[in-house]
Amino acid sequence: MNRKSSMIFRAVRHLVLMSGALVMLMPFIWMLLTSFKAPDEIFSSELRFLPENWYILENYTEAVTRTPLLQFLLNGVIVTIAIFLCQIAVAVPAAYAMAKLRFRGRKLMFAAVLLCLLIPPHAVAIPWYLLMYQFGWLDTYMALVAPFSISVFGIFLMRQFFMTVPNDLIHAARMDGFSELAIVWRVMLPTAMPALISFGIFSIVAHWNDYFWPLIVLNSPDYYTPPLGLVSFRNDDTGNDYGPLMAAATIVITPLVVAFLLAQKRFIEGITLSGMK
């Protein structure tokens, strides 16, 4: 009876989890199927999941040719990678200092980091915009990268991971003549790869999908990021062209899905802060 009850419980649990996953994935499934449909099927009053006439080549060709979608994707890659590298350059040394060094004001500094986590980016959008204007960086890559070059979430996540690293490893590195910077980049950083990958997924997804800030600081389509580029498929006279729009949206999110699937194991390790083994 216990074995039978356990099997029933596992079956119900998997059924609930699969149902929840289906609900979460349904918008993406519908987006993908819509990108396969002809315009008359998209606006049909009859609900059909699979298209009768496959319109894949037409929709995806128009998605790439109507607007410089590849340029938008390249801009997204440049911006997200630049932001991530700047965040790591700041977060890793700051997290090491708060986790392993002893100095006056260390707890106060960590409290300030936690306080900054409570401030939404939209609350400081106007000061950021004025600062970008004063520097003459509006409508440039710098306007997209500079405000996000410091991530308090990255500092917090890396600090929590560094707390799990044994102090003996750091003492051994110091005995070998390593400087503090050498310890940060040659000892601590390799041990923190799970946390680094986890933070990278969060950072890249957040800034790849950012629509609010690029809309404010950009005027030239030459610097449009993917979400801002998708607005080009909106037509005030004829309405949205949903076939190419869904095709372009599918192209835009595909790199994120592939990157997450490749880094899934490390992502889970970093989130659970498993530390060294």
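Student: Hi! Which helix does Arg159 lie in?

Tutor: Arg159 sits in helix 8, which covers residues 152–162. Keep in mind that we are looking at a predicted model.

Student: Thanks. Is Arg159 buried or exposed?

Tutor: Arg159 is buried. Despite that, Arg159 has no salt bridge.

Student: Where is the nearest side chain of opposite charge, then?

Tutor: That would be Glu180, 15 Å away from Arg159. A salt bridge needs a side-chain nitrogen of Lys or Arg within 4 Å of a carboxyl oxygen of Asp or Glu.

Student: And what does Arg159 touch?

Tutor: Leaving aside residues up to four places away in sequence, Arg159 touches Ala95, Met98, Ala99 and Phe110.

Student: OK, on to salt bridges. How many are there?

Tutor: The count is 2. Arg174 pairs with Glu180, with the closest N and O atoms 3.0 Å apart. Glu62 and Arg66 join their side chains in a salt bridge too, at 2.2 Å from N to O.

Student: Why can side chains pair like that?

Tutor: Side chains of opposite charge can pair when their charged atoms come close.

Student: Are Arg174 and Glu180 buried or exposed?

Tutor: Somewhere in between: Arg174 is partly exposed at 32% relative accessible area, and Glu180 is partly exposed at 32% as well.

Student: What about Glu62 and Arg66?

Tutor: Glu62 is partly exposed, with a relative accessible area of 28%. Arg66 is partly exposed too, at 35%.

Student: New topic: cysteines. How many disulfides does the structure hold?

Tutor: The structure holds 0 disulfides. Cys86 is in no disulfide, and the nearest cysteine sulfur, that of Cys116, is 18 Å away.

Student: Why is there no bond from Cys116?

Tutor: Because the closest cysteine sulfur, in Cys86, is 18 Å from the sulfur of Cys116, which is too far for a bond. For reference, the cut-off for a disulfide is 2.5 Å between the sulfur atoms.

Student: How accessible are Cys86 and Cys116?

Tutor: Cys86 is partly exposed, with a relative accessible area of 31%. Cys116 counts as partly exposed at 35%.

Student: Last one: which residues form the nonpolar patch on the surface?

Tutor: Leu22, Leu25, Met26, Phe28, Ile29, Trp30, Leu47, Phe49, Leu50, Trp54 and Ile56, with about 1,100 Å² of accessible area together.

Student: Which helix gives the most to that patch?

Tutor: Helix 1, residues 2–34, gives the most, with 6 residues.

Student: And where is Ile56?

Tutor: Ile56 is in helix 3, residues 56–65. Ile56 is partly exposed, at 35% relative accessible area. Because patch residues need over 30%, Ile56 clears that cut-off.

Terms used: Residues numbered from 1 in each chain as written. Predicted model: local features only at pLDDT ≥ 70, side-chain atom pairs only at ≥ 80, totals over all residues. Heavy atoms only, no water. Patch = residues over 30% accessible without salt bridge, like charges linked within 9 Å, V, L, I, M, F, W, Y side chains within 5 Å. Areas by Shrake-Rupley, 256 points an atom, 1.4 Å probe, with all protein chains shown as cover. Helix = DSSP H or I, 4+ residues; strand = E, 2+ residues; numbered from the N terminus. Buried < 20%, exposed > 50% of the residue type's maximum accessible area, 1.4 Å probe, protein only. Lys, Arg positive; Asp, Glu negative; His and termini not counted. Contact = heavy atoms within 4.5 Å.
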